[in-house]
Amino acid sequence: MKKKLNVGLVGYGFMGRTHSNAFLQAPRFFDVPYEPVLKAACARNVDRVKSFAANWGYESIETDWRALVDRKDIDLIDIASPNDTHAEIAVAAARAGKMVLCEKPLGRNAAEAEKMVAAVESARVPNSVWYNYRRVPAVTLLKHLITQGKLGRIFHYRAQFLQDWTISKDLPQGGEGLWRLDVAVAGSGVTGDLLAHCIDTALWLNGPMTDVTAMTETFIKERKHNLTGRVEPVGIDDASAFLGRFQNGSLALFEATRYARGHKALYTLEINGEHASARWDLHDLHRLQWFDHRDEGELRGWRSVHVTDGEHPYMKHWWVPGLQIGYEHTFIHQFADFLDAAAQGRSAAPTFRDGLATDYVTDAVLQSARTGRWETVAVAQRAGAL
Ligand code: SOE
């Protein structure tokens, strides 16, 4: 019999659902070392949390995260609540000796994230941040190809995350579902929400970034606030773009916006090396576009690899070759990897320290947008300084 791992989830929004699905599915498809038990779901609205718990099979509910963290029957706290709650809950959970999973971004800024890293590292509790796109099989395959040196020296890395859901000036800010537009809760706009995904994947695939120069824009300056009922200034960045340098000498070009009409969640990335290039697109997530200059001359060209074969990352756990998986599977893969690592007393990447590295870059991006200057990414100076 496998050891039970009792999960306490905070938050029942979009991410509460993706994580709960992962808790249920990971042991069905992967030979994980624990039996996850959905022990308690926690949120302030008692009726909503009750119906969420009933739908996903949580055994109990809490309406105060402190009560959840105090419970002796909880082994793992999963934070799927808005960004302004991440730091306080994570620090308390780590101090209580719980394993901690946290939705991205880790902190609203690096100062918060530093406290979270210090807490999990001093308590020595397994931890991970839900930057789920690392575990799209096509993206994991790209990581393997880069690690094998197939691209040679890297010259360029570019990424975009384009959405269009906040274009209407009548959309309010704040409250359930719209807290991403409220700077006090979210910390920033697309920089922490969307660029952060691009940055996490980039740091993983191409190593640390050293310097950035950025610009941000807030297109709609005032919106009604759902909690106060008043029209209030908008403090988030609606669009964010930056140029940067990686430690390996390659150049970075990144953009995120919620004002690209027609694009819903178009996360694309491209990496260009001396020998080969690769491209990936979230709207076609099971394909990796690959160009290898060493291919035979007449047949040389871009190929589209359908990443669904048993030998591709994670895919032997799913259906049969040729059949695709989707967005929700990335969370299942991360949770399965987390359980494997936790059983050995380790954390699964991206760890809280990896999440902090992304917060250092997003802080530098926002700082550069304010100063109009190139800014140094703090992680380069402060590694090991916590
Ligand atoms: C924003 O719309 C959002 O839901 C992000 O918060 C998620 O992290 C991203 O994966 C999809 O878009």
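Which domains does the domain assignment give for the protein chain? Domain 1 covers 3-132 and domain 2 covers 133-371, with the bounds coming from an automatic or database domain assignment. Quick caveats before going on. It's a predicted model, so local features need pLDDT of at least 70 and side-chain atom pairs count only at pLDDT 80 or more, while totals for chains, interfaces and linings use all residues. Residues are numbered from 1 along each chain as its sequence is written.

Okay, the domains. Their centres, taken over C-alpha atoms, are 23 Å apart. The contact takes 36 residues from domain 1 and 42 from domain 2; contact here is C-beta atoms, placed from the backbone, within 7 Å. On the domain 1 side, H1 (14-29), E5 (99-102), H5 (110-123) and E6 (127-129) each give at least two residues. Those labels are DSSP runs numbered from the N terminus: helices are H or I with at least four residues, strands are E with at least two. H1 has the largest share of that side, 8 residues.

Now a helix pair: H6 (137-147) and H8 (190-206) pack at about 30 degrees, axes 9 Å apart. Axes are lines fitted to C-alpha atoms over the stretch in contact, and angles run from 0 to 180 degrees between N-to-C directions. So H6 is roughly parallel to H8, a label for angles under 35 degrees. H6 brings Val139, Leu142, Lys143 and Ile146, and H8 brings Thr201, Trp204 and Leu205.

Last, the ligand. Around it sit Gln163, Asp193, His197 and Ala265, going by a C-beta atom, placed from the backbone, within 6 Å.

Technical notes: Two residues are in contact if their C-beta atoms, placed from the backbone, lie within 7 Å. Angles under 35 degrees count as roughly parallel, over 145 as roughly antiparallel, 65 to 115 as roughly perpendicular and the rest as oblique.
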